[in-house]
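Thank you all for coming; I would like to walk through one structure slowly, and please keep the display in view while I speak.

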Amino acid sequence: DTHQACGLTVVSVDYRLSPEHTHPAALDDCHAAALWLDSPEGRAAARIGPEAPLLMVGESAGGYLAASLLVRLPPPERRSLF
């Protein structure tokens with residue numbers, strides 16, 4: 001797989017889906033996951049080094065969520081996650 005060849009770790013967020021959960025439930029789930037992943041506990045659980053950059057991407061709804069998360073995060077959090 002490409003991510004293994006590049007030495008990347010892939011983490012997938014199991015966010016809440018509509019119509020059962022209204023907006024912004026999915027974005028809230030992704031926000032919480034991003035903050036956790038950037039914490040020492042999250043990085044340890046995902047086996048990501050403390051200084052390794054985090055890149056968030058997605059297709060279709062996932063792309064929307066990644067872009068919306070960037071807009072939602074204040075600048076200090078944004079710098080550490082993207």
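I will go from a helix to the core, then to the pockets, and finally to some details of the backbone.

Before anything else, please keep in mind that what you see is a predicted model.

Let me begin with α2, which runs over 25–37. At 1.5 Å a residue, its 13 residues should span 18 Å, and because the C-alpha atoms at its ends are 18 Å apart, the expectation and the model agree. Several residues of α2 are buried, among them A25, D29, H31 and L37.

That brings us to the core. Which residues make up the largest nonpolar core? There are 7 of them, namely A26, L27, C30, A34, L65, L69 and L73. The elements that give two or more residues to this core are α2 and α4, the latter covering 61–72, and the largest share, 4 residues, comes from α2. If you look for L65, you will find that, leaving aside residues up to four places away in sequence, L65 touches Y15, A26, L27 and C30.

Now to the pockets. The largest pocket has a volume of about 840 Å³, and of the 27 residues that line it, those closest to its centre are V10, V11, L55, M56 and V57. Here α2 gives the most to the lining, with 5 residues, while α2 and α4 each supply at least two. By character, the lining of this largest pocket divides into 20 nonpolar, 6 polar and 1 charged.

The second largest pocket has a volume of about 170 Å³, and of its 14 lining residues, Y15, R16, L17, S18 and A26 are the closest to the centre. Once more, α2 and α4 are the elements that give two or more residues to the lining, which divides into 9 nonpolar, 4 polar and 1 charged.

Finally, the backbone. The peptide bond from S18 to P19 is cis, with omega near 10°, and a cis peptide bond also joins H23 and P24, where omega is about 10°. P19 sits in the loop between α1, at 2–5, and α2, and P24 lies in the loop between α1 and α2 as well.

Where is R47, a residue with a positive phi although it is not a glycine? R47 is in the loop between α3, at 40–45, and α4, and its phi is about 60°. S60, also not a glycine, has a positive phi of about 55°, and S60 is found in the loop between α3 and α4. The cut-off for exposed is over 50% relative accessible area, so R47, at 77%, is exposed, and S60, at 73%, counts as exposed too.

Technical notes:
Residues are numbered from 1 along each chain as its sequence is written. This is a predicted model: local features need pLDDT of at least 70, side-chain atom pairs count only at pLDDT 80 or more; totals for chains, interfaces and linings use all residues. Side-chain values use heavy atoms; hydrogens and water are left out. A nonpolar core is a set of buried Ala, Val, Leu, Ile, Met, Phe, Trp, Tyr and Cys residues joined through side-chain atoms within 4.5 Å. Buried means under 20% relative accessible area, exposed over 50%, partly exposed in between (1.4 Å probe, protein chains only). Contact means heavy atoms within 4.5 Å. On a 1 Å grid over the protein atoms alone, a cavity is a set of points where a 1.4 Å probe fits but cannot get out, and a pocket is an open set with protein on both sides within 12 Å along at least five of seven lines; lining residues have an atom within 4 Å of a point. Grid points are joined across faces, edges and corners, and a volume is the space filled by probe spheres set on the points. Ala, Val, Leu, Ile, Met, Phe, Trp, Tyr, Cys and Pro count as nonpolar, Asp, Glu, Lys and Arg as charged, and the others, Gly among them, as polar. The expected span of a helix is 1.5 Å times one less than its number of residues.
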